[in-house]
Amino acid sequence: MSLSQTDLTRIALDITAGLSDHDRFSRLLDTIRQTLHCDAAALLQFTGQQFNPLAIDGLSPDVLGRRFIISEHPRLEAIARAGDIVRFPADSELPDPYDGLIPHQGDHLVVHACIGLPLLANGDLIGAVTIDGFDPKQFNAFSDNELRTLSAIAAASLSNALMIDKLEKQALQSQEITSVNRIDPDSRVEMIGHSMAINSLKNELSVVASTDLNVLILGETGTGKELVAKSVHQQSNRAKQPLVYLNCAALPESVAESELFGHVKGAFTGAISHRSGKFEKADNGTLFLDEIGELPLGLQAKLLRVLQYGDLQKVGSDKSLKVDVRIIAATNKDLKQEVLAGRFRADLYHRLSVFPIVVPPLRERDGDVTLLSGFFVERCRQKLGLKSLRLDASSLALLNDYDWPGNIRELEHVLHRASVLSRAQSSSNSCLITPQHFDFNVEPQTAAVKPKVKANQATLPSNRTLKQATAAFQSQYIQQVLTENDGNWAATARALALDSGNLHRLAKRIGIK
């Protein structure tokens with residue numbers, strides 16, 4: 001069997017249809033798998049000397065979250081360096097990166113057909129397609145030229161998708177190409193996830209990053225607020241300047257002012273030399289004030305002055321020092337309540353919250369637990385020096401059912417502990433994580449596993465049309481979310497992942513505004 005012109009045309013039409021990148025890539029893999037009759041396939045993007053999966057078919061779902069460093073995976077390295085089709089012999093001694101990651105095939109893919117298609121754009125490697133078959137002779141009927149044509153189509157699809165993504169970000173940021181590319185793409189912070197909640201967050205970051213607005217990051221403990229701050233900085237026009245970090249909760253009040261603003265020699269006992277504060281170190285860059293809700297009231301007033309006038313005084317000095325600093329602050333506290341309680345200045349709160357960003361908790365990121373699990377398990381595999389480390393299906397189900405009160409930080413710790421236990425109980429260099437390796441009772445607050453929600457068995461009223469019932473549900477749900485966000489329509493739109501204008505129009509149409 002060979003690839004006909006009809007097959008190639010169908011592939012080209014399928015992957016150039018008006019779909020989102022994620023859907024387009026998934027369709028590409030599905031089409032390749034059907035056309036080549038392969039048992040597993042993956043579309044990978046090459047960035048920073050590693051391959052990042054964009055779509056998978058026939059592989060364990062957590063593979064989508066893994067990051068494959070080519071120096072640790074000889075087959076992927078061979079594909080990256082070949083510049084042409086790579087056919088691996090069925091008896092190749094090179095370990096397969098997907099060992100144990102193809103469902104129902106055991107721990108090792110010993111004898112099988114494997115081909116790597118490097119994807120090139122303007123002579124540069126931008127990705128790869130890998131195809132695997134359980135029959136060692138599975139792909140013998142396809143010529144190298146046919147596979148090169150398939151590779152070229154996939155490369156064009158990936159290149160176009162990356163270009164569209166780049167142009168969309170430029171449009172959101174209203175920036176010139178030169179400013180968008182201030183940071184090497186390979187060094188960018190990566191947010192793992194494809195959920196609606198995380199995609200909405202990424203869009204917000206793209207909008208605010210290119211401005212000089214102060215940003216207040218809100219969210220529960222462990223949701224990744226520091227990662228969000230780094231992302232804002234790296235996408236900003238200050239990206240080549242420093243990002244300075246200060247944890248306000250770990251700052252003794254006696255030295256807090258010196259840490260922020262610096263001091264001169266002799267300002268107090270122990271001040272044996274001049275010292276620059278965090279603001280001075282962050283001049284022309286970004287200052288990230290983590291746990292801003294813990295900052296003492298006295299310092300809040302001095303911080304406000306710097307934000308208002310851009311000048312500060314070192315401890316023990318009469319001179320003013322001009323600084324140009326963008327502030328990104330983060331807290332897991334409800335600052336509105338802190339203001340009402342008199343523990344946080346209202347004027348500082350309004351200065352900081354010009355653009356509030358709410359980082360969604362993990363339990364609201366549908367599907368992202370699987371991707372994050374793959375990401376962390378692959379990181380654990382690297383740290384533990386294992387050939388293979390994987391999660392069985394029941395472990396993934398358990399992880400997805402849990403409520404994650406500690407969010408991403410808890411998930412990372414749970415998987416690290418499970419990985420260590422799995423390694424300790426295994427006699428080989430290939431380990432499997434099973435439910436017995438998890439203990440969600442390690443900490444009191446993590447004892448409860450999220451119960452399965454049972455379908456409502458009550459009979460719904462049938463005296464409405466579907467349109468009327470839909471409008472009634474929308475009205476009730478929007479009003480509920482609006483109440484949860486203290487009547488703030490902009491925050492409600494973000495929570496619902498809707499454009500603010502569209503939400504206002506919908507609210508008017510269904511009669512709640």
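Which residue in the turn of the β1 and β2 hairpin has a positive phi? It is G48, at about 60°. The hairpin leaves 2 residues between the strands. One caution before I go on: this is a predicted model.

Let's stay with that hairpin. β1 covers residues 40–47, and β2 covers residues 50–57. The two strands pair in the antiparallel sense, over 7 bridges. Look at F46: this residue stands opposite F51 in β2. Now look to the other neighbour of β2. There, F51 has F68 of β3 as its bridge partner. β2 and β3 are also antiparallel, with 2 bridges between them. And β2 is mostly covered, with 7 of its 8 residues buried.

Now the whole sheet. It is open and has 6 strands. The order is β3-β2-β1-β6-β5-β4, and the pairing is antiparallel. Which strands sit at the edges? They are β3, residues 68–69, and β4, residues 86–88. Each of these pairs on one side only.

A helix goes with this sheet. Helix α3, residues 74–82, lies across β1, β2, β3, β4, β5 and β6. Against β4, α3 runs at about 155°.

On to the cavities. How many are there of 30 Å³ or more? The structure holds 2.

Take the second largest cavity, since α3 comes back here. Its volume is about 40 Å³. α3 gives the most to the lining, with 3 residues. β6 also supplies at least two. The residues lining this cavity are R75, L76, I79, D96, P97, Y98, C114, T130 and D132. By class, that is 5 nonpolar, 1 polar and 3 charged.

The largest cavity has a volume of about 70 Å³. Its lining includes F68, the bridge partner of F51. D96 and P97 are in this lining, and they also line the second largest cavity. Others here are R66, H73, D99, L101, E378, R381, K387, S388 and L389. Two elements give two or more residues each: α13, residues 368–384, and β16, residues 388–391. The class count is 4 nonpolar, 2 polar and 6 charged.

Next, a pocket. I'll take the second largest one. Its volume is about 1,300 Å³, and 39 residues line it. Which of them lie nearest the centre? V358, E364, N485, A491 and A495 do. Several elements give two or more residues to this lining: α6 (196–209), β7 (215–218), α11 (335–340), β15 (355–358), α16 (466–484) and α17 (489–495). The largest share, 5 residues, comes from α6. By class, the lining has 19 nonpolar, 9 polar and 11 charged residues.

Last stop, helix α7. Why call it largely enclosed by the rest of the structure? Because 7 of its 10 residues, in the run 225–234, are buried. Buried here is under 20% relative accessible area. The buried residues are K225, V228, A229, S231, V232, H233 and Q234. What covers them? The cover includes α6 and β7, and both of these also line the second largest pocket. β8, β11 and β14 are part of the cover too.

To recap. F51 faces F46 on one strand and pairs with F68 on another. α3 lies across the sheet strands and helps line the second largest cavity. α6 lines the second largest pocket and covers buried residues of α7.

Technical notes. Residues numbered from 1 in each chain as written. Predicted model: local features only at pLDDT ≥ 70, side-chain atom pairs only at ≥ 80, totals over all residues. Heavy atoms only, no water. 1 Å grid on protein atoms, 1.4 Å probe; cavity = no way out; pocket = protein on both sides within 12 Å on 5 of 7 lines; lining within 4 Å. Points joined across faces, edges and corners; volume = space filled by probe spheres on them. Helix = DSSP H or I, 4+ residues; strand = E, 2+ residues; numbered from the N terminus. Nonpolar A, V, L, I, M, F, W, Y, C, P; charged D, E, K, R; others polar. Pairing = 2+ DSSP bridges. Contact = heavy atoms within 4.5 Å. Axes fitted to C-alpha atoms, helices over the stretch in contact; angles between N-to-C directions. Buried < 20%, exposed > 50% of the residue type's maximum accessible area, 1.4 Å probe, protein only.
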